[in-house]
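Here is a short briefing to read alongside the sequence and the structure. Let's walk through it topic by topic.

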Amino acid sequence: MNSRHNPAVTPVLTSRLPAVGTTVFTRMSTLAMQHGAVNLGQGFPDFPCEPQLIDIVTEAMRSGFNQYPMMTGAPVLRQAIVDKVAAIYGHHYDVNTEITVTAGATQALTTAILCSVHPGEEVIVIEPAYDSYLPAIALAGGVPVLVQMEVDGDGYSVPWSKVAAAVTGKTRMIVINTPHNPTGSILREADMQALADIVRGTDVLILSDEVYEHMVYDGARHESVCRHPELAARSFVVSSFGKTYHVTGWKIGYVAAPAALSAEFRKVHQYNVFSINTPMQHGFAGYMANPAPYLELPAFYQRKRDLFRAGLAGSRFELLPADGTYFQCVRYDKISSQTEAEFAEWLTSEIKVAAIPVSAFYQQGKESGIVRFCFAKQDETLALALQRLATV
């Protein structure tokens, strides 16, 4: 019998992402629920957003902003983004041609790769790396070229000489992430200069993942690509309202890019997701009229970082620098010789505190004896976690 007419036959589908399974975040969060562990693994706050933001979104719904917005994003929100970027970083994007609102930062990152990278072209990715980059490159038919960060007692850093050596005639894009997930490191002005030196005179694009832009500590400033005209002219810059305003479940972000790059981005965007939640766009636009929430965010999270670091200071964990994001990486070699995945699972099941193995952020699972905690939690949550970790 022809299998096409046999309802009992399951069609065979060759996977576009054969190496991809359930994410480590899902696995560790599930394990945390099973064992009643404090979840310091997945990066989301366990505290609410400001009630005023919910009020503004609710009013937008009541005011009738409930139908499709423009494909590129509600004009009022795009204008608010333009004004904010100009005020903070000094770069002036065109509201109509250079800002696109997206369904979270991951959609922005994926769309930027899909619209730029052709089969066989190379994309330089700096590891450890956020886990969406490599699948997006695979879907585009691109070839990832991996350059590993260096880590010592001073924390993680990008070896720019190795990045330069990785550039070939096939290089289409370099992906950077600052502040950096999972390491908590930040790129500084010298890093941006090194990057500019590498791409100058080439057609290489930059995809700059800046979702933690407002979480930079100890008086340092966020070195957005937007601060550097030479880099901004060839860059997709991605940010996230969910990270900034404690509403990760709303999944709204944006990409800023020169008009020619934005035009190609929007070709994919319009058939990928088309448009984004209308009332929430209007809510963010109204809420952004007051810059205090994002201007005060560094101090808000630095206090939590310092609280968490102080709680681990007397432990056998070795604290690595945490200059940005809401993540703290620690070495555990004085505690265990287990692999990172084994140690993270042991912490979750036995100590009742969930962490993420940094090896999960490498394509080949490099072992460094380091796990990542998230401190974007209520003080009570952090206190309970620290109490449990003190027993290790």
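A residue counts as buried when its relative accessible area is under 20%, as exposed when that area is over 50%, and as partly exposed in between. With a relative accessible area of 4%, Lys 304 is therefore buried. Please keep in mind that this is a predicted model. The points below cover salt bridges, cysteines, one strand residue and the cavities.

**Salt bridges**

- The whole structure holds twelve salt bridges, and a few of them are described here.
- Lys 304 pairs with Asp 379 in a salt bridge whose closest N and O atoms are 3.0 Å apart.
- Lys 304 sits in helix H13 (residues 297-312) and Asp 379 in helix H15 (residues 379-389), so this bridge ties together parts that are 75 residues apart in sequence.
- While Lys 304 is buried, Asp 379 is partly exposed at 27% relative accessibility.
- Glu 318 and Arg 331 form another salt bridge, with 3.8 Å between the closest N and O atoms.
- Here the partners come from two strands, Glu 318 from E11 (residues 318-319) and Arg 331 from E12 (residues 327-331), so the parts tied together are 13 residues apart in sequence.
- Glu 318 is partly exposed, with 30% relative accessibility, whereas Arg 331 is buried at 18%.
- Asp 197, Arg 200 and Glu 230 belong to one network, joined by salt bridges that share partners.
- A salt bridge also connects the side chains of Glu 213 and Lys 84, at 3.6 Å from N to O.
- That pair links distant parts of the chain, 129 residues apart: Glu 213 is in the loop between strand E8 (205-209) and helix H8 (229-232), and Lys 84 is in helix H3 (residues 75-89).
- Both ends of this bridge are buried, Glu 213 at 5% relative accessibility and Lys 84 at 7%.

**Cysteines**

- How many disulfides does a search of the whole structure find? The count is zero.
- Why does Cys 226 have no bond to Cys 115? The closest cysteine sulfur to that of Cys 226 is the one in Cys 115, and at 17 Å it is too far for a bond, because a disulfide needs the two sulfur atoms within 2.5 Å.
- Cys 329 is also too far from its closest cysteine sulfur for a bond, since the sulfur of Cys 374 is 11 Å away.
- Cys 226 is buried, with a relative accessible area of 4%, and Cys 329 is buried with 0%.

**Ser 157**

- Ser 157 belongs to strand E6 (residues 155-157) and is partly exposed, at 37% relative accessibility.
- Leaving aside neighbours within four places in sequence, Ser 157 is in contact with Met 149 and Glu 150.
- Between Ser 157 and Gly 21 there are 29 Å in space, C-alpha to C-alpha, and the two are 136 residues apart in sequence.

**Cavities**

- There are three cavities of 30 Å³ or more, and the largest has a volume of about 80 Å³.
- Residues lining the largest cavity include Val 125, Ile 126, Tyr 133, Met 149, Asn 177 and His 180.
- Which strands each supply at least two residues of that lining? They are strand E3 (122-127) and strand E7 (171-177).
- The largest share, three residues, comes from E7.
- By type, the lining of the largest cavity divides into nine nonpolar residues, two polar ones and no charged ones.

Key:
Residues numbered from 1 in each chain as written. Predicted model: local features only at pLDDT ≥ 70, side-chain atom pairs only at ≥ 80, totals over all residues. Heavy atoms only, no water. Buried < 20%, exposed > 50% of the residue type's maximum accessible area, 1.4 Å probe, protein only. Helix = DSSP H or I, 4+ residues; strand = E, 2+ residues; numbered from the N terminus. Contact = heavy atoms within 4.5 Å. Salt bridge = Lys/Arg side-chain N within 4 Å of Asp/Glu carboxyl O. 1 Å grid on protein atoms, 1.4 Å probe; cavity = no way out; pocket = protein on both sides within 12 Å on 5 of 7 lines; lining within 4 Å. Points joined across faces, edges and corners; volume = space filled by probe spheres on them. Nonpolar A, V, L, I, M, F, W, Y, C, P; charged D, E, K, R; others polar.
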